[in-house]
Amino acid sequence: MNSPWISITLFFVFAAVSVRFMMPTTYDTEFDLETFGKLPIQQNGRIKPLDSAARNNLMLVAKRTTLTNRGETQMIPGSPQGTKMDAVEWLAYVALQPEYADTLRIFKVEFPDDLGLAGLAEISKRYYSFSDLRPYLDELRERVQRIDLEDPNIAPQDEQLTQLWNAIGRYDALTRSLNQGFNLDTVAQEYQALQQVVPFIAQELIRQQNGEEANETLLEQFRNTAERYQFLAQSSLLRIIPSDDDELKETDWYNIGEALLKVVETGEMHPYVLQYGRMTEAFRSGDTELFNQVVTEMKADFNATYPDEITHVHVEYGFNQAAPFSAAIFLYIVIFLFACGSWLGWTKPLWNSAYWLCILAFVIHSAAILLRMYIHGRPPVTNLYSSAVFVGWGSTLLALLLEKYWRNGIGMAAASSIGIITLIIAHQLAILSGDTLEMVRAVLDSNFWLATHVIVITFGYSAVFAAGFLGIFFIIKGIFGKTFSRKEATSLNSMVYGITCFAALFSLVGTILGGIWGDQSWGRFWGWDPKENGALLIVIWTAIILHVRWGGLSSPRGIMNLAIFGNIVCAWSWFGTNMLGVGLHSYGFMDAAFKPLKLFVLSQLLIMGLSLVPYRFWRSEYGQLMAKREDKATCSKSKNSALLGDPAQ
């Protein structure tokens, strides 16, 4: 079989998978949940589809975007094995039919015994429903209140308790996100009654203020209702009602509580409040025709009122459905396997297939980044999540450039490894933050500097990791790969040198640009901030590697070890400085990153230690050649010592 046929076959297989990703999710219901998921809301300072809000919140609560009944993970009680529930369907149940949502096992508890709640561990394996946890809510509240969240040595079980309590609070707030969360079967009727009764309440209040006899029963009911709406205004997560003020309609929306309070104040009800009420009643009564009519009308009205924003909303919905980064991870895994396979045999066909798949992965990765830029209206790197995505993209670009000239598969293996790792890191960051397109912090609110300093410095990260992973493959192939030759070692040494030059340049320029930005923002070019020190460490370390090579101070194996240690330096600058929680640049503190960072550092040190295995134990052609050279050098040294009359001889 020729290599083009392998590439063509894989291309069409992946194209079929991609088409499946891009197709709208089909639901086992006649309710038009696709249109429901496209309804725009405002959260975290931007307008986005309900689908994104559902995914973000389910990610924060359940650490996933889909509920499944698979194996021991039975998240949807009463449903058969293999059943899935999309995030937007889950949100529909949470907001419109919470009594059913309460039975869904969405709260993940890794070690239920550690919580110390008698009987809880017997209910299920790792996922619990709100109904499961309801008997323990008072005890959970009391225990969480006793936890000192500022304690740097907080116990793991206390940390798990806090995370669980926060997830419960988020879920509880979501049950009141689209309606008042009370008397849901008649909520639209109550909204209409409220609008009708407000004028009479106003008259009764005037009578009371004038000392006249007023209907105290009616006023007391009104005060109770107003207090309930005030609580809703403070606790509802989603802003679903656009502002009536034309100047604020794109920036300030109301949550359901605020919208109902405006009815109390002005007697006027926004039509969307009543529409959400009708939607709730229709969903609960199983009236699919009315539900679909309401969501279609709301979508059409939003399209007409917000023609520019609605395009972004629909693009974001399509982006969610396509899941391009998941597709990219799949491709990177295939590329890695093909690149490694090309070293064992059938070299040309597998290399060609890996190369063309790498181009396809790069196109998908690039398109995903461009779509995120369009949706967000920002340069590609604005937070830790986007930096992880960009580092993987930059490594893929560098790999394609390397493979164009050296064609040995090592560049693609290194880049695909980085792509897999960085996209997994991005996924984990999404679990922690929920919304990866969050509003940019005020100090970062500069598209110019985000497009210059941040992109340049992140390109530097990509290059440092690319050089480091090339060094890893040098060591692995040298020790275990029989076909690793002197020629291949020389080309790999040149690849690391070229990438390190690139890394040094971009890291230096990025650091200088960061200093200029700091001078404009804080009035000082340099302040020995941990993040600044981390950037400087990268510049110094890449300079050390280059000077060692230029001065001939180390063998290729030593250069590779320096490049591998560069992974540690770069990881510290990228993540480690944020973990300190101090300094002006600590925008991404999260204690969950400590353990993965330590494991990564340990893995790099172990590989460096592995490289110190004597050459005579290396299985490769290159290793045996170097062993002979060492033996020859040792013999030559012994002869010279004997001729000089060395007493030791």
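Thr-452 is found in helix H19, which covers residues 447–480 of this predicted model. With a relative accessible area of 19%, Thr-452 is buried, because the cut-off for that class is under 20%. Its side chain reaches the backbone oxygen of Phe-448 at 2.8 Å. As to spacing along a helix, an α-helix has 3.6 residues a turn, so residues three or four places apart point the same way.

**The chain as a whole**

The chain holds 24 helices and 7 strands. Of its 649 residues, 52% are buried. Among contacts with a separation of 6 or more, 71% join residues 24 or more positions apart. The accessible surface comes to about 30600 Å², and carbon and sulfur atoms hold 59% of that area.

**Helix H17 and its ends**

Helix H17 runs from residue 384 to residue 406. At 1.5 Å a residue, its 23 residues should span 33 Å, and the end C-alpha atoms are 32 Å apart, which agrees. Most of H17 is covered, with 18 of the 23 residues buried.

At the N-terminal end, Asn-383 acts as the cap of H17: a side-chain oxygen of Asn-383 lies 3.3 Å from the backbone nitrogen of Tyr-385. After H17 comes Arg-407, whose phi is positive, near 50 degrees. Arg-407 sits in the loop that leads from H17 to helix H18 (410–433).

**Positive phi outside glycine**

Arg-407 is a residue other than glycine with a positive phi, and Asn-183 is another residue other than glycine with a positive phi. Asn-183 is placed in the loop between helix H8 (156–174) and helix H9 (187–209). Its relative accessibility of 39% makes Asn-183 partly exposed, whereas Arg-407, with a relative accessible area of 52%, is exposed. The table sets out the residues whose accessibility is discussed in this report.

| Residue | Location | Relative accessible area | Class |
|---|---|---|---|
| Asn-183 | loop between H8 and H9 | 39% | partly exposed |
| Leu-194 | helix H9 | 7% | buried |
| Arg-407 | loop between H17 and H18 | 52% | exposed |
| Thr-452 | helix H19 | 19% | buried |

**Leu-194 in helix H9**

Leu-194 belongs to helix H9. Its relative accessibility is 7%, so Leu-194 counts as buried. Leaving aside residues up to four places away in sequence, Leu-194 touches Tyr-229, Leu-260, Val-263 and Met-269. Leu-194 and Val-264 are 70 residues apart in sequence, and their C-alpha atoms are 8.0 Å apart in space.

**A sheet of three strands**

An open sheet is built from 3 strands in the order E4-E3-E5, and the pairing is antiparallel. Strands E4 (73–74) and E5 (84–86) stand at the edges with a single partner strand each, so one side of each is left without a neighbour in the sheet. Strand E3, residues 66–70, pairs with E5 in the antiparallel sense over 3 bridges. Within this part of the sheet, Thr-68 stands opposite Lys-84 in E5. Helix H4, residues 87–96, lies across E3 and E5 and runs at about 80 degrees to E5.

Definitions and conventions:
Residues are numbered from 1 along each chain as its sequence is written. Side-chain values use heavy atoms; hydrogens and water are left out. Two strands pair if DSSP finds at least two bridges between them. Helices (H or I, at least four residues) and strands (E, at least two) are DSSP runs, numbered from the N terminus. Contact means heavy atoms within 4.5 Å. Axes are lines fitted to C-alpha atoms, for helices over the stretch in contact, and angles run from 0 to 180 degrees between N-to-C directions. The expected span of a helix is 1.5 Å times one less than its number of residues. Buried means under 20% relative accessible area, exposed over 50%, partly exposed in between (1.4 Å probe, protein chains only). A polar contact is a pair of N or O atoms within 3.5 Å; within protein, one must be able to donate a hydrogen and the other to accept it, and residues adjacent in sequence count only if both atoms are side-chain atoms. Accessible areas come from the Shrake-Rupley method with a 1.4 Å probe; for residues, only the protein chains shown count as cover.
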